[in-house]
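Work through the exercises below with the model open. Try each task before you read its solution.

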Amino acid sequence: MQTAWFYEEHGPKEVLKLGDFPIPYPLQNQLLVQVCAAALNPIDFKLRCNPLVSTDYPVVPGCDMAGIVVGKGDHVSRFEVGDEVYGNIQNFNAEGEFKKLGTLAQFIVVEENLVAMKPKNLSFEEAASLPVAVQTAVEGFKTAGFKEGQTIFIVGGAGGVGSLVVQLAKQLYRASLVAATTSTAKVEFVKTLGADKVVDYTKTRYEEVMEKYDLVYDTIGESKNSYVVAKDGAPVIDITWPPSNPRALHSGLTVSGEILENLRPCLESGKLKAVIDPVGPLHLCNVIKAFEYLETGRAKGKVVVSHFSVPYLTSELCHCVNGFCNSKLALQKSVI
């Protein structure tokens with residue numbers, strides 16, 4: 001057994017429990033990963049609060065992780081035991097139920113096509129903060145058909161997705177002008193990400209922004225108001241569902257390790273940086289506190305959980321994991 005956070009009913013953060021959970025058995029195309037760090041996303045608490053998808057209890061929340069491969073299925077070809085990997089383990093576009101074993105656990109299984117090698121210059125915490133947010137950020141640019149040299153107005157430039165949209169707009173998509181909104185306390189921070197103009201939403205309304213942009217990229221669901229900053233006919237991207245403006249284009253995400261691998265040059269060169277909220281990383285024991293903070297909507301970057309210590313990962317257990325033995329000391333087959 002392993003330690004994991006799980007819930008057996010939908011509801012507020014208080015339904016979460018810390019306890020024993022079976023260690024999963026990797027299928028032929030899956031990796032067994034020892035989690036070193038995980039990041040929280042709004043989807044995690046939305047799924048906990050409401051029965052948005054079909055799944056059986058108990059459910060371990062979490063999509064983002066970074067860790068070490070400790071076992072693999074027979075058909076895995078891209079990774080070896082000992083590799084450091086990261087990714088979003090929940091393929092939202094796949095048929096069937098979500099995995100009920102999310103990343104707030106010491107061990108998880110994930111299909112090899114959903115993960116990538118962790119960039120060597122990133123810590124496990126930095127890598128874990130990226131997958132869902134950066135996959136979402138990239139998808140928005142694709143949905144909009146954004147072209148080099150165009151201008152972009154980003155609503156929510158300091159958040160988990162917004163902080164990456166700002167960087168990608170400047171470094172990868174080569175926007176000619178990057179503007180972003182944030183609160184007074186975060187203005188200088190958003191400038192350091194590469195924004196040419198920062199609009200303090202506590203002092204300036206959208207109607208008071210004089211310049212019009214080729215793309216409005218709304219990360220917080222205010223497209224019913226922020227659309228006025230777009231040029232006539234320009235796309236308005238809203239990553240929330242449903243968009244608050246019927247004119248807005250909803251953009252979700254494609255879950256793929258290839259997307260992460262394609263971003264490796266930007267990450268290893270330092271052009272694209274992971275942004276972790278200063279309150280973290282939080283210890284695995286403090287997951288309820290981490291959710292409480294995330295749900296305030298005030299996070300700067302991503303809320304990360306770390307310190308997934310596995311004191312009982314003995315040499316005997318490692319041997320069993322890597323050899324796929326089915327002893328009660330090691331892996332327990334379960335439908336996850």
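**Exercise 1. Find the side-chain partner of serine 306 and describe the surroundings of serine 306.**

Step 1. Look for polar contacts, meaning pairs of N or O atoms within 3.5 Å; within protein, one must be able to donate a hydrogen and the other to accept it, and residues adjacent in sequence count only if both atoms are side-chain atoms. The side chains of serine 306 and glutamate 125 are joined by such a contact, at 2.5 Å.

Step 2. Place the residue. Serine 306 belongs to strand S15, residues 303–306. Helices (H or I, at least four residues) and strands (E, at least two) are DSSP runs, numbered from the N terminus.

Step 3. Check burial: buried is under 20% relative accessible area, exposed over 50%, partly exposed in between (1.4 Å probe, protein chains only). Serine 306 has a relative accessible area of 2%, so it is buried.

Step 4. List the neighbours. A contact needs heavy atoms within 4.5 Å. Apart from residues within four places in sequence, serine 306 touches Cys36, Ala37, Glu125, Pro281, Leu282, His283 and Leu284.

Before going on, note the ground rules. This is a predicted model, with residues numbered from 1 along each chain as its sequence is written, and side-chain values use heavy atoms, with hydrogens and water left out. Local features need pLDDT of at least 70 and side-chain atom pairs count only at pLDDT 80 or more, while totals for chains, interfaces and linings use all residues.

**Exercise 2. Which stretch has pLDDT below 50?**

Step 1. Start with the whole chain. pLDDT is the predictor's confidence in each residue, from 0 to 100. The protein chain has a mean of 90, and 91% of its residues reach 70 or more.

Step 2. Find the stretch: it is residues 311–336. Beyond near neighbours in sequence, this stretch has 52 contacts in the model. Where pLDDT is low, predicted coordinates should not be read in detail.

**Exercise 3. Give the strand order of the open sheet with 6 strands, then trace its connections.**

Step 1. Read the order: S10-S9-S8-S11-S12-S13, with parallel pairing. Two strands pair if DSSP finds at least two bridges between them. The edges are S10 (197–200) and S13 (249–250), each pairing on one side only.

Step 2. Take S8 (residues 151–155) and S11 (residues 215–218). They run parallel, with 4 bridges. Phenylalanine 153 faces valine 216 in S11.

Step 3. Move to S8 and S9. Again 4 bridges join a parallel pair. Isoleucine 154 is opposite alanine 180 in S9. The chain goes from S8 through H4 to S9 in a right-handed β-α-β crossover. Right-handed means that, with the strands pointing away from the viewer, the path from the first strand over the helix to the second runs clockwise.

Step 4. Finish with S9 and S10. These strands are parallel, with 4 bridges. Threonine 181 has valine 199 in S10 as its bridge partner. Together with helix H5 (residues 187–193), S9 and S10 form a right-handed β-α-β unit.

Step 5. Add a helix. H3 (residues 131–144) lies across S8, S11, S12 (236–238) and S13, at about 150 degrees to S11. Axes are lines fitted to C-alpha atoms, for helices over the stretch in contact, and angles run from 0 to 180 degrees between N-to-C directions.

**Exercise 4. Are the two faces of S9 covered or open?**

Step 1. Count: 6 of the 6 residues of S9 are buried.

Step 2. Sort by side. Leu177, Ala179 and Thr181 are buried on one face, and Val178, Ala180 and Thr182 on the other, so both faces are covered.

**Exercise 5. Where are the cis peptide bonds at proline 58 and proline 281?**

Step 1. Tyrosine 57 and proline 58 are joined by a cis bond, omega about -5 degrees. Proline 58 sits in the loop between H1 (42–49) and S4 (64–72).

Step 2. Glycine 280 and proline 281 are also joined by a cis bond, omega about 0 degrees. Proline 281 lies in the loop between H8 (264–269) and S14 (282–283). Proline 281 is also one of the contacts of serine 306.

**Exercise 6. Is serine 251 buried or exposed, and which side chain does its own side chain contact?**

Step 1. Serine 251 is buried, at 1% relative accessibility. Its loop runs between S13 and H7 (257–262).

Step 2. The side chain of serine 251 makes a polar contact of 3.3 Å with that of threonine 143.
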